[in-house]
Amino acid sequence: MEKTIAVIRGDGIGPEIVEQALRILRRVEARFGHRFTYEDVWMGGCAIDRYGSSLPDEMLEKARQADAVLLGAVGGPKWDGVSKENRPERGLLRLRAGLGLYANLRPAQIFPQLAAASPLREDIVARGIDFLIVRELTGGIYFGEHRTEEKDGETSATDVLSYSEKEIRRIARQGFEAARKRRHKLCSVDKANVLDSSRLWRKTVTEMAADYPDVEVSHMYVDNCAMQIVRNPAQFDVIVTENMFGDILSDEASMITGSIGMIPSASLGEGGRGMYEPIHGSAPDIAGQDIANPIGTILSAAMLLRYSLNLAQEADAVEAAVAAVLEEGWRTADICAPGAEPVGCMKMGELIAEHI
Ligand code: NAD
């Protein structure tokens with residue numbers, strides 16, 4: 001398979017962690033006989049320094065032309081004084097909009113070797129945590145009308161939450177398809193006892209279930225879901241939900257896994273287009289010291305293989321290599337037990353590559 005991957009190294013630890021993810025992708029190429037072309041795309045603070053813009057138009061175009069985008073992280077205190085319109089994070093928002101990314105996929109997975117890092121009780125973690133949140137990214141209350149009014153000396157504020165059936169179908173399809181790639185269970189999360197938008201959501205998902213007889217569908221209210229994620233996370237395979245509920249639930253889900261450096265994410269658009277990045281930021285406090293954990297970025301590369309390139313076997317191989325290295329006891333500083341000897345970012349990448 002020949003594919004083009006746009007690579008955004010970004011700022012802070014971005015270049016270090018992306019380098020290790022590239023090492024893994026090169027290993028996958030050699031091992032499975034593919035050819036990937038890597039196109040460097042400049043975005044974030046480094047692009048401001050070099051081009052005066054956090055995402056120059058030609059860089060956006062390069063990302064658009066690629067089959068998938070791999071991103072480290074952007075931002076840092078160096079660019080705090082830059083005007084709001086040109087902040088590093090603005091580049092990221094422009095890129096998401098420019099690529100039409102409407103679905104955010106965030107796995108919550110705990111490697112048994114790191115179970116102690118979870119704030120949940122041991123017996124709950126022992127049942128296993130391995131689910132995926134599919135969150136709608138471009139609609140709902142964040143994108144509805146926002147208004148603040150003064151009337152009769154009283155201030156009131158309104159935010160509009162609206163979804164069309166078309167938007168719901170589009171994201172629900174991502175949920176069903178993701179479930180098909182996993183354990184064939186989909187939980188649709190809404191607040192249909194109160195909200196009209198949720199009632200339409202539930203009706204639409206229920207109708208679509210007929211097209212996916214191999215996927216077991218359930219529905220859950222968002223408040224109950226927030227409880228179930230800490231009470232019995234093992235029950236979930238794929239959760240699909242609207243923008244704001246997904247925002248909150250995905251942060252809760254990443255918290256229960258206990259380690260920010262380990263979690264990947266994918267943002268998907270039409271036609272398999274996708275951007276893949278770890279959930280953490282550019283960690284300027286540890287940049288340039290070869291101590292960052294590259295696993296979140298390496299697992300993002302695995303998601304890239306699975307979701308944009310449809311290379312499930314290759315993605316499995318990367319995930320298995322991460323598990324094997326953890327099983328052997330290797331740890332970066334952020335996940336290391338007190339007193340144990342951590343390995344650096346480069347070494348961790350090398351070890352994982354050797355297991356593919
Ligand atoms: P952060 O995620 O960068 O760091 C939070 C803490 O986690 C820090 O102590 C850091 O050292 C640690 N950490 C993060 N990733 C790690 C890793 N891979 N290995 C080991 N330790 C890791 O969050 P922050 O400090 O709030 O933000 C720093 C910068 O990143 C800010 O400029 C922020 O705007 C930006 N940011 C970017 C993105 C993105 O690019 N998508 C996301 C979040 C924050």
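1. Start with the second largest cavity: in this predicted model, its walls are made by Leu161, Tyr163, Leu195, Ser197, Ser198, Trp201, Glu242 and Phe245. The space inside comes to about 50 Å³. Helix 7 (residues 196–209) gives the largest share of that lining, with three residues. Sorted by class, you get five nonpolar, two polar and one charged.

2. How many cavities of 30 Å³ or more does the structure hold? The count is two. As for what such a search does, rolling a probe the size of a water molecule over the atoms shows where empty space is left.

3. Now the largest cavity, which holds about 100 Å³ of space. Pro107, Gln109, Ile110, Phe111 and Leu114 are among the residues lining the largest cavity, and so are Thr257, Ser259, Met262, Ile263, Pro264 and Leu299. No charged residue turns up in this lining: the split is eight nonpolar and three polar. If you're setting the two linings side by side, recall that the second largest cavity has one charged residue.

4. On to the largest pocket, with about 720 Å³ of space in it. There are 29 residues along its lining, and those closest to the pocket centre are Leu92, Leu93, Arg96, Leu137 and Glu277. By class, the pocket lining breaks down into twelve nonpolar, ten polar and seven charged residues.

5. Which elements supply at least two residues each to the lining of the largest pocket? On the helix side, they are helix 4 (88–98) and helix 9 (243–257). The strands are strand 3 (68–73), strand 4 (103–109), strand 11 (264–268) and strand 12 (274–278). Helix 4 has the largest share of the lining, five residues.

6. Then there's the ligand. Its shell has 20 residues, and Val74, Glu89, Gly281, Ala283 and Asn293 come nearest. The shell residues sort into nine nonpolar, seven polar and four charged.

7. Here are some polar contacts worth pulling up in your viewer. Glu89 has a polar side-chain atom 2.8 Å from a ligand oxygen. From Gly281, a backbone N or O atom sits 2.7 Å from an oxygen atom of the ligand. Glu277, one of the residues closest to the centre of the largest pocket, places a polar side-chain atom 3.2 Å from a nitrogen atom of the ligand. How much of the ligand does the protein cover? Of the 820 Å² of accessible area that the ligand has on its own, 67% is covered.

8. Last, the aromatics. Searching the whole structure gives four aromatic pairs. Take Phe131 and Phe236: why is this pair tilted? The ring centres are 5.7 Å apart and the planes are at 55 degrees, which is why the pair counts as tilted; edge-to-face would need over 60. This pair also ties together distant parts of the chain, 105 residues apart. Phe131 is in strand 5 (residues 130–136), while Phe236 is in the loop between helix 8 (222–231) and strand 10 (238–241).

Technical notes:
Residues are numbered from 1 along each chain as its sequence is written. This is a predicted model: local features need pLDDT of at least 70, side-chain atom pairs count only at pLDDT 80 or more; totals for chains, interfaces and linings use all residues. Side-chain values use heavy atoms; hydrogens and water are left out. A residue is near a molecule or strand if one of its heavy atoms lies within 4 Å of it. A polar contact is a pair of N or O atoms within 3.5 Å; within protein, one must be able to donate a hydrogen and the other to accept it, and residues adjacent in sequence count only if both atoms are side-chain atoms. Accessible areas come from the Shrake-Rupley method with a 1.4 Å probe; for residues, only the protein chains shown count as cover. Ala, Val, Leu, Ile, Met, Phe, Trp, Tyr, Cys and Pro count as nonpolar, Asp, Glu, Lys and Arg as charged, and the others, Gly among them, as polar. On a 1 Å grid over the protein atoms alone, a cavity is a set of points where a 1.4 Å probe fits but cannot get out, and a pocket is an open set with protein on both sides within 12 Å along at least five of seven lines; lining residues have an atom within 4 Å of a point. Grid points are joined across faces, edges and corners, and a volume is the space filled by probe spheres set on the points. Helices (H or I, at least four residues) and strands (E, at least two) are DSSP runs, numbered from the N terminus. Rings of Phe, Tyr and Trp (its six-membered ring) pair if their centres lie within 6.5 Å; planes under 30 degrees apart count as stacked, over 60 as edge-to-face and the rest as tilted.
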